[in-house]
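Dear colleague,

Please find below the structure that I am passing on to you, together with its sequence. My findings follow it.

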Amino acid sequence: MRKTAGDPKATDDPRLAAGAETSSAVRLDDVAVRFRTKKKDVTALQDVSLDVRAGEFVAIVGPSGCGKSTLLKLVAGLLAPSSGEVLLGGERVRGPRRDIGYVFQRAALLDWRTARRNILLQAEMRGIPGAEARARADDLIRMTGLGGFEDAYPHELSGGMQQRVALCRALLHEPPVLLMDEPFGALDALTREQMNVELNRIWRETGTTVLLVTHSIPEAVYLADRVVVMSPRPGTITETIDVGLPAERSYATTLATAEFGAATGRIRELLGAVSAHE
Ligand SMILES: Nc1ncnc2c1ncn2[C@@H]1O[C@H](COP(=O)(O)OP(=O)(O)OP(=O)(O)O)[C@@H](O)[C@H]1O
């Protein structure tokens, strides 16, 4: 059951649109990934099964090299599983998917384009009509607090602002699924907190399903409905933790809740137990 602060029926949360609560947005069935290199074979993922509901926010944590990025690449169709099946919106993923948004640790903006034109690049690549794309870009610029910086070039923006531009670009085509690979890892602690608060709001406003890879346990618990904890390579899912917090979360209040303490404690225990065996 999705958690909301009040009566779910009384909200106009887009994530509660007809049927959205129960339908599967992303599904991995008994997936394994093996890489063959000249020197050795590496099993990156093994026995991974995961079902993410439409509108859900799932965070993935685990030790370095456990296959978190590999998992996102499978969902994006950038990589095929060695065995098992990956489904996006109920459809088997057979190649690169256009109906996703992807945000990486580095914003990867084009230096010679303004913030606005970096965002609109997504529309150009997809052939989204100009007027529609501009209106959507304006909405996103407002939503992410970039107003006033539309015409700035990347070097004139802070790291946090550059990541906001990358987020707008990833959301321009209204993807049902947003994949985020350690998107705030390069930001200072304060900016990272601000970005967490903004991402929580954007997630609620857009109704997008989010898969977030992060090395930060507090970030995972503050943002997610569920946190998937992975084991070292070959990456398997050790445990999935239901955070049990309402979707709308004030930062300071959330960090002081018993649910936040219990979830972060459990994840630390799992990851600690993992490193003790390494
Ligand atoms: N194209 C590839 N060829 C060979 N091995 C690969 C390839 N891509 C990933 N691997 C290996 O698969 C394993 C999982 O890599 P992946 O990048 O998914 O881990 P990760 O959990 O995201 O790591 P990190 O937290 O350090 O970013 C690693 O051992 C990595 O070296």
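**Findings: the sheet, the helices and the ligand shell**

In strand β9, V227 is the bridge partner of A59. I begin with this pair as a way into the sheet, and I should say at once that the model is a predicted one.

Strand β3 (residues 57–61) and β9 pair in the parallel sense, over 4 bridges. On the other strand that β9 meets, β10, I241 is the residue that V227 stands opposite. Here the two strands run antiparallel and are joined by 5 bridges. β9 and β10 form a hairpin, with 6 residues between them. As for burial, β9 (residues 226–230) is mostly covered, since 4 of its 5 residues are buried.

These strands belong to an open sheet of 6 strands, in the order β6-β7-β8-β3-β9-β10, with mixed pairing. The edges are held by β6 (100–103) and β10 (237–242); each has a single partner strand, so one side of each is left without a neighbour in the sheet. From one strand to the next, the twist averages 15 degrees. In general, the strands of a sheet pair through backbone hydrogen bonds, in either a parallel or an antiparallel sense.

Elsewhere in the sheet, strand β7 (residues 177–181) pairs with strand β8 (residues 209–213) in the parallel sense, over 5 bridges. Within β8, V213 is the residue that stands opposite D181.

Turning to the helices, α4 (residues 159–171) lies across β6 and β7. Its direction is at about 165 degrees to that of β6. Helix α4 also appears in the surroundings of helix α2 (residues 115–126), where the buried residues are A115, N118, I119, L120 and Q122. What covers these buried residues of α2 includes α3 (130–143) and α4. Just after α2, G127 takes a positive phi of about 70 degrees.

The next topic is the ligand. Which residues are the closest to the ligand? Of the 13 residues that surround the ligand, the closest are F35, A44, S64, S69 and T70. Both β2 (41–53) and α1 (68–76) supply at least two residues of this shell. The largest share, 3 residues, comes from α1. Sorted by class, the shell has 7 polar, 4 nonpolar and 2 charged residues.

Some figures for the chain may help you to place these details. Its secondary structure comes to 8 helices and 10 strands. The chain has 278 residues, and buried residues make up 39% of them. Among contacts with a separation of 6 or more, 71% are between residues 24 or more positions apart.

Finally, there is a record to mention. UniProt, in an unreviewed entry, places the feature "domain: ABC transporter" at residues 26–257. Over residues 26–257, the chain in this model is 34% helix and 27% strand. The C-alpha atoms at the two ends of that stretch are 29 Å apart.

When you open the model, I would suggest starting at V227, which stands opposite I241 in β10 and is the bridge partner of A59. From there you can follow the sheet outwards to its edge strands, β6 and β10, and then go on to α1, from which the largest share of the ligand shell comes.

With kind regards

Terms used:
Residues are numbered from 1 along each chain as its sequence is written. This is a predicted model: local features need pLDDT of at least 70, side-chain atom pairs count only at pLDDT 80 or more; totals for chains, interfaces and linings use all residues. A residue is buried if 20 or more other C-beta atoms lie within 10 Å of its own, exposed if 12 or fewer, and partly exposed in between; C-beta atoms are placed from the backbone. Two residues are in contact if their C-beta atoms, placed from the backbone, lie within 7 Å. A residue is near a molecule or strand if its C-beta atom, placed from the backbone, lies within 6 Å of it. Ala, Val, Leu, Ile, Met, Phe, Trp, Tyr, Cys and Pro count as nonpolar, Asp, Glu, Lys and Arg as charged, and the others, Gly among them, as polar. UniProt positions are given in the numbering used here, feature names are shortened, and annotations may be inferred rather than shown by experiment. Two strands pair if DSSP finds at least two bridges between them. Axes are lines fitted to C-alpha atoms, for helices over the stretch in contact, and angles run from 0 to 180 degrees between N-to-C directions.
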